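Work through the exercises below with the sequence and the model side by side. Try each task before reading its solution.

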Amino acid sequence: MSFFLALSSLGVQETTEPVQVEFVSFEQPKEGQPYYLGIHLDVQEGWKTYWKNPGEAGYPLSIDWTLPEGYFVEEILWPTPHKSVVEGMVVYGYDEPVTLIAKIIPGKASSEPIKATV
């Protein structure tokens, strides 16, 4: 599954995938100041997404950022995952809505949107 998000839209893209993804703004960014951006995953019943360490099966959720020049993202803050056993293997992930937190460190002022493929 892959989703393309643009900060300028701050909404869910139309998709039939079992996980809906959207950016969540926690604060109004101030020029030159770090700020937090959420990546909200709305997981449909019966589905799951994996944690940064998926355990013995699955693949970790990945985020490929496209940022304006000079911007960077600090390490993602992950909520504590659920532990489950699938066919005898321990896995870590989320089977309900969850929001990952990214700290954005801005560079020069830019009109380019922040984008991510999740």
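**Exercise 1. Find the bridge partner of Y36 in β9.**

Solution. The model is predicted.
- Step 1: Look across from Y36 into β9; the bridge partner there is K103.
- Step 2: Place Y36 itself. Y36 sits in strand β3, residues 35–43.
- Step 3: Now take both strands. β3 and β9 run antiparallel to each other and pair over seven bridges.

**Exercise 2. Classify Y36 by accessibility, then name the surface patch that Y36 belongs to.**

Solution.
- Step 1: Read the relative accessibility of Y36, which is 34%.
- Step 2: Apply the cut-offs: buried is under 20%, exposed is over 50%, and partly exposed lies in between.
- Step 3: Y36 is therefore partly exposed.
- Step 4: Find the patch. Y36 joins F26 and L77 in a nonpolar surface patch. Together the three have about 300 Å² of accessible area.

**Exercise 3. Decide how far strand β9 is enclosed, and find what β6 contributes opposite I104.**

Solution.
- Step 1: Strand β9 covers residues 98–105.
- Step 2: Count its buried residues: six of the eight.
- Step 3: β9 is therefore largely enclosed by the rest of the structure.
- Step 4: Turn to β6, residues 72–73. This strand pairs with β9 in the antiparallel sense, over two bridges.
- Step 5: Opposite I104 in β9 stands V73.

**Exercise 4. Is T49 buried or exposed, and which residues does T49 contact beyond its sequence neighbours?**

Solution.
- Step 1: Locate T49 in strand β4, residues 49–55.
- Step 2: The relative accessibility of T49 is 10%, so T49 counts as buried.
- Step 3: List the contacts, leaving aside neighbours within four places in sequence. They are L41, V43, L61, G93 and Y94.

**Exercise 5. Place A109, classify it, and give its C-alpha separation from P68.**

Solution.
- Step 1: A109 lies in the loop between β9 and β10, the latter being 115–117.
- Step 2: A109 has 56% relative accessibility, so A109 counts as exposed.
- Step 3: A109 and P68 are 41 residues apart along the chain, and their C-alpha atoms are separated by 8.8 Å.

**Exercise 6. Check the confidence of the chain, then of residues 1–12.**

Solution.
- Step 1: The average pLDDT of the chain is 84. A score of at least 70 is reached by 86% of the residues.
- Step 2: Over residues 1–12, the pLDDT is below 50.
- Step 3: Beyond near neighbours in sequence, that stretch has 41 contacts in the model.

Definitions and conventions. Residues are numbered from 1 along each chain as its sequence is written. This is a predicted model: local features need pLDDT of at least 70, side-chain atom pairs count only at pLDDT 80 or more; totals for chains, interfaces and linings use all residues. Side-chain values use heavy atoms; hydrogens and water are left out. Patches are made of residues with over 30% relative accessible area and no salt bridge: like charges are joined within 9 Å, nonpolar side chains (Val, Leu, Ile, Met, Phe, Trp, Tyr) within 5 Å. Accessible areas come from the Shrake-Rupley method with a 1.4 Å probe; for residues, only the protein chains shown count as cover. A salt bridge is a side-chain nitrogen of Lys or Arg within 4 Å of a carboxyl oxygen of Asp or Glu. Helices (H or I, at least four residues) and strands (E, at least two) are DSSP runs, numbered from the N terminus. Buried means under 20% relative accessible area, exposed over 50%, partly exposed in between (1.4 Å probe, protein chains only). Contact means heavy atoms within 4.5 Å. pLDDT is the predictor's confidence in each residue, from 0 to 100. Two strands pair if DSSP finds at least two bridges between them.
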